[in-house]
There are 2 protein chains.
Amino acid sequence: MKAAVLCVGTELLFGQTVNTNATYISHQLQLLGFDVLYHYVVGDNPQRLERLLDVCFEDCDLIITTGGLGPTEDDLTKETIAKYFGDELVYDEESLSRLKKYFVDTNRKMTENNLKQALLPSKSIVFPNSYGTAPGFLLSKDEKYIISLPGPPKEMTKMFDKEVFPYLSKKQNGALFYKIIRTYGIGESALETALLPLIHGQTDPTIATYAKEGECSIRIASKRETLQESESAVDMMIGKVYEIIGDYIYSENDEEYAKVLVDKLISENLTLTSVESCTGGMFASTITDISGASNCFKRGYVTYSNESKIHDVGVDAKLIEKYTAVSEEVARDMAIKGLEKANADICVSVTGIAGPDSWENFSPGTIFVGVAFNPGKRTKDKDIIGGRLCFVQNLDTRRTDRNKNRKYAVLAMIDMVYKTIKIS
Amino acid sequence: MKAAVLCVGTELLFGQTVNTNATYISHQLQLLGFDVLYHYVVGDNPQRLERLLDVCFEDCDLIITTGGLGPTEDDLTKETIAKYFGDELVYDEESLSRLKKYFVDTNRKMTENNLKQALLPSKSIVFPNSYGTAPGFLLSKDEKYIISLPGPPKEMTKMFDKEVFPYLSKKQNGALFYKIIRTYGIGESALETALLPLIHGQTDPTIATYAKEGECSIRIASKRETLQESESAVDMMIGKVYEIIGDYIYSENDEEYAKVLVDKLISENLTLTSVESCTGGMFASTITDISGASNCFKRGYVTYSNESKIHDVGVDAKLIEKYTAVSEEVARDMAIKGLEKANADICVSVTGIAGPDSWENFSPGTIFVGVAFNPGKRTKDKDIIGGRLCFVQNLDTRRTDRNKNRKYAVLAMIDMVYKTIKIS
């Protein structure tokens with residue numbers, strides 16, 4: 001089936017917002033086996049929207065729209081689509097009560113214009129919005145389908161996953177199954193080169209690589225007659241992928257690295273602490289973003305100044321004086337002292353130059369990550385310093401981008417903690 | 001002049017790449033005073049591309065394309081556009097020699113297919129590519145213009161800035177000016193309702209509201225004969241907006257709230273610290289994401305456990321025992337003790353239930369934010385506790401979404417610190 005994605009939103013045409021909705025929907029439609037022929041973006045203008053629907057349905061049988069379902073006057077998507085399909089808007093009782101409940105639950109006063117969001121085409125299938133106020137819907141006529149979803153990406157993606165994906169997968173023949181494998185420590189070109197024999201070898205399962213900030217994913221998808229066949233084809237291929245690049249894989253189930261680490265810490269009954277300089281709390285925040293993190297992460301220190309490193313954590317002032325705060329020696333001491341201070345099983349530290357500017361003789365991207373581990377019951381004895389297993393790594397990203405340097409440092413911290421637990 | 005952006009690229013339709021090119025070009029065209037009516041994305045398919053050109057030129061006089069100018073067989077943009085305008089491709093000598101030089105300079109062997117990139121429509125104005133191999137070009141006929149740029153964002157943006165922007169700015173009548181105002185503490189519906197008299201009153205300046213996570217923006221744009229006239233029309237309207245919802249405005253220049261706060265702290269020579277429980281470092285991370293934050297933020301504490309609250313910051317254990325860690329009393333003590341511990345001028349604390357699950361008798365979204373301020377030279381004396389100015393607020397978001405609760409709490413913390421400084 002041929003499809004198009006049509007996004008309504010002046011903020012997109014103004015260049016204020018990047019159109020991640022089109023990317024997300026296209027990716028999902030690809031997984032479902034649809035051919036996406038077009039993306040369109042148009043403002044809140046009924047005439048232009050109508051003309052695009054005409055153009056679009058010449059080639060395509062499915063259009064997914066986002067945006068223009070909100071409470072304000074310029075939100076006109078529903079009206080235009082209903083008219084286009086010869087339908088009319090009526091109040092959907094369930095949406096109306098959900099809407100009212102939403103405002104009560106979130107303790108806010110509902111203004112009159114919000115009611116508009118419960119107006120929906122009379123012949124539509126309604127998709128409830130579990131994350132916001134505007135419901136989505138599906139309308140079809142003569143084998144042409146329109147699915148309308150709200151514009152805010154968080155609401156849209158949740159609604160797509162929960163309502164649209166299952167609906168569309170039933171419309172496709174065969175049973176699609178896929179897994180997303182996540183890797184850390186190998187670039188996309190290297191990953192693709194390594195997997196080329198598998199990628200070229202065949203058409204099902206398909207293997208595709210995707211680069212994300214600082215890491216890469218591999219999608220392995222199969223569409224056979226039954227789900228069982230698809231699943232076993234995917235699993236077989238995952239085995240082959242492991243043989244080639246197994247060392248880099250940290251999840252077979254598209255999980256965040258932080259989630260994988262938190263699960264690992266909890267399952268091994270280990271506690272973690274952090275002493276952060278250049279990431280300024282981003283590591284702790286990333287870990288505590290995972291529900292259940294309080295079982296393994298009890299405390300952390302944001303030691304942005306030398307004074308804080310010394311007084312809050314107990315870093316040796318002489319090391320800072322001798323080597324500066326941006327050094328292997330200080331990163332190591334931060335990890336060792338943090339371990340003691342927090343009485344934790346493992347401590348990760350980071351100190352460096354996030355950028356964009358240089359500092360003293362250090363260029364941005366000079367970032368030292370340290371890990372100290374109390375081996376306790378563990379036996380291997382390499383890298384033991386003062387009874388602690390200890391590693392330090394200079395990331396040396398050579399980047400000036402502050403945000404990227406911070407994110408990459410956090411990923412490297414997660415990776416170092418994970419690998420330290422795994423090997424020891 | 002009305003314009004459209006047409007991006008050619010299968011990777012966009014596959015959902016592998018986010019279309020930042022459309023965003024960038026739209027933003028630049030807005031600045032230049034063009035009305036952008038459409039974005040289109042299409043694959044390397046001459047028939048569909050041609051049809052879109054037809055559709056596009058019905059409304060628009062300018063189309064900017066990106067992508068499909070490369071050396072490989074499926075790059076067909078130039079051929080299609082030349083044919084559409086009744087032109088033909090010929091070798092451009094200058095492009096040919098630049099191309100050869102590029103490969104010599106970068107010490108790479110040039111394969112034969114690269115020569116294709118020096119083939120350009122005979123009647124076009126050529127834009128050299130200073131960052132890659134494929135040149136861009138402009139072709140026009142009967143007051144309809146096409147500008148074709150390469151797909152890689154780095155090459156495209158450089159070429160746009162250097163070649164296209166100066167060319168287009170000469171073609172424009174009128175001068176667009178806009179400002180984006182950011183607000184906190186008022187929802188989009190309420191904001192629009194409040195501004196309705198201004199929104200309905202007129203066509204220039206235009207006023208539009210946008211909701212973002214936990215906050216709202218207002219865009220005020222004017223297009224008059226001269227930039228000065230547009231600017232003063234926008235400024236006059238901003239004055240009217242201030243009269244209505246001035247209390248909620250924190251930036252007139254589309255700045256992040258964290259940036260506004262960091263600037264304010266630095267300008268008032270104040271230092272800030274944080275004691276975070278449920279946000280787990282996210283506040284510190286948000287502040288230190290701002291370049292220059294080290295001038296006002298020296299240290300922070302992630303006190304996820306009671307033990308950490310007591311031992312790392314000095315919170316009174318009896319208060320935790322009496323009121324539990326999720327209480328106004330403990331939030332206040334975290335702020336006051338954090339202030340002392342870090343020797344800072346202001347301390348913000350947070351303790352609560354991020355969710356998704358409840359804890360003891362507390363439902364998710366029960367979040368106490370505290371601020372303690374050492375008034376020092378300041379004079380007003382309300383809310384003084386132990387010599388400290390102190391406030392606590394229960395956000396009571398009634399949400400179960402962990403991520404939203406954490407983000408909203410961080411925004412509320414920024415707002416409380418900002419307002420505390422402003423009023424005292």
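**Close-up views of a predicted model**

**View 1. Surroundings of L29(B) in the predicted model.** Neighbours within four places in sequence are set aside here. L29(B) then contacts A3(B), V5(B), F34(B), V36(B), L62(B) and I64(B). F160(B) and L168(B) complete its list of contacts.

**View 2. The largest nonpolar core, with members from chains A and B.** This core holds 49 residues. Six of them touch the most other members. From chain A these are L29(A), F160(A) and L168(A). From chain B they are L29(B), I64(B) and L168(B). Helix α6 of chain A, residues 153-171, is the biggest contributor, giving 6 residues. In soluble globular proteins, nonpolar side chains tend to be buried together.

**View 3. A second nonpolar core, separate from the largest one.** It comprises 46 residues. Among them are V8(A) and I81(A) from chain A. L69(B) and I146(B) from chain B also belong to this second core.

**View 4. Fold and packing of chain A.** Chain A contains 14 helices and 18 strands. Along the principal axes, its C-alpha atoms fill a box of roughly 80 × 55 × 40 Å. Of its 424 residues, 55% are buried. Take the contacts between residues at least 6 apart in sequence: 67% join residues at least 24 apart.

**View 5. Surface and charge of chain A.** The chain exposes about 17700 Å². Carbon and sulfur atoms account for 48% of that area. Its side chains include 49 positive and 59 negative ones. The centres of these two sets lie 4 Å apart.

Conventions
Residues are numbered from 1 along each chain as its sequence is written. Chains are lettered from A and ligands numbered from 1 in the order in which they are written. This is a predicted model: local features need pLDDT of at least 70, side-chain atom pairs count only at pLDDT 80 or more; totals for chains, interfaces and linings use all residues. Side-chain values use heavy atoms; hydrogens and water are left out. Helices (H or I, at least four residues) and strands (E, at least two) are DSSP runs, numbered from the N terminus. Buried means under 20% relative accessible area, exposed over 50%, partly exposed in between (1.4 Å probe, protein chains only). Contact means heavy atoms within 4.5 Å. Accessible areas come from the Shrake-Rupley method with a 1.4 Å probe; for residues, only the protein chains shown count as cover. Lys and Arg count as positive and Asp and Glu as negative; His and the chain ends are not counted. The place of a charge is taken as NZ of Lys, CZ of Arg, CG of Asp or CD of Glu. A nonpolar core is a set of buried Ala, Val, Leu, Ile, Met, Phe, Trp, Tyr and Cys residues joined through side-chain atoms within 4.5 Å.
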